[in-house]
Amino acid sequence: MSNQINRRQFERFALPPMYSRVTMRLLDRDSFEFEGHAYDISEAGLCFEIDKPIEPNTTVVMRIDLPMHHEGEPGYVEVFSRIVRVDEDDREFGPVRLAASFSRFVRFGDKQRLIAHFCTGRYARAA
């Protein structure tokens, strides 16, 4: 029996990949040229998949769709993020799983709306 310690500061929540679109752009670009979907999220970061790898330590802007958002509010949050991990096994053969750490939310209220989505009870806690 292994004694694993959870080092995460914030709880992670599983997202339905088919409904959790993520678009991303590099800081020197205006358009969101990368597209994929999220697997799990916390108030500090995200595990997601896109078609092309991004080097670790790259800073990007991510737009994360919020499934089942309330009418009258934006259906997404935007956040400056740093790529912290790239699944090496996926680099050559198609979609790549990555992890990003959130640095700063773009718009006032985005972080609060993201956290409020976790509190609805719609999302299962991720392992």
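Okay, so let's start at Phe32: Arg63 lies over the face of that ring, 4.3 Å from the ring centre. And there's a second arginine here, because the charged end of Arg25 also sits over the ring of Phe32, within the 6 Å cut-off, at 5.6 Å from its centre. Keep in mind that this is a predicted model.

Now stay with Arg63 for a moment. What does Arg63 form with Glu78? That one is a salt bridge, with the closest N and O atoms 2.4 Å apart. The two partners come from distant parts of the chain: Glu78 is in strand S6, Arg63 is in strand S5, and they are 15 residues apart. Are they buried or exposed? Glu78 counts as buried, at 11% relative accessibility, whereas Arg63 is partly exposed at 25%.

How many salt bridges are there? The count comes to eight. Another one joins Asp65 and Arg21, with the closest N and O atoms 3.8 Å apart. Again the pair links distant parts of the chain, Asp65 in strand S5 (residues 59–65) and Arg21 in strand S2 (residues 21–26), 44 residues apart. Both are partly exposed: Asp65 has 22% relative accessibility, and Arg21 has 37%. Add Glu35, and you get a network of salt bridges linking Arg21, Glu35 and Asp65. Then there's Arg29 with Glu33, a salt bridge at 2.9 Å, N to O. Arg29 is partly exposed at 35%, and Glu33 is partly exposed at 40%.

On to the aromatics. There is one aromatic pair in the structure. Phe102 and Phe105 make that pair, and they sit edge-to-face, 5.7 Å centre to centre with 70° between the planes. Why edge-to-face? Because an angle over 60 degrees counts that way. Phe102 is buried at 11%, and so is Phe105, at 14%.

Phe102 shows up again around Ser81. Where is Ser81? You'll find it in strand S6 (residues 76–86). Its relative accessibility is 0%, so it counts as buried. Leaving out residues up to four places away in sequence, Ser81 touches Thr58, Thr59, Val60, Met62, Ala100, Ser101, Phe102 and Ser103.

Last, the overall picture. We've got one helix and seven strands, and along the sequence the pattern reads β-β-β-β-β-β-β-α. Of the 127 residues, 39% are buried. For contacts between residues at least 6 apart in sequence, 59% join residues at least 24 apart. And the accessible surface comes to about 8000 Å², with 49% of it belonging to carbon and sulfur atoms.

Note on methods: Residues numbered from 1 in each chain as written. Predicted model: local features only at pLDDT ≥ 70, side-chain atom pairs only at ≥ 80, totals over all residues. Heavy atoms only, no water. Phe/Tyr/Trp six-rings, centres within 6.5 Å; stacked < 30°, edge-to-face > 60°. Buried < 20%, exposed > 50% of the residue type's maximum accessible area, 1.4 Å probe, protein only. Lys NZ or Arg CZ within 6 Å of the ring centre and 35° of its normal. Helix = DSSP H or I, 4+ residues; strand = E, 2+ residues; numbered from the N terminus. Contact = heavy atoms within 4.5 Å. Areas by Shrake-Rupley, 256 points an atom, 1.4 Å probe, with all protein chains shown as cover. Salt bridge = Lys/Arg side-chain N within 4 Å of Asp/Glu carboxyl O.
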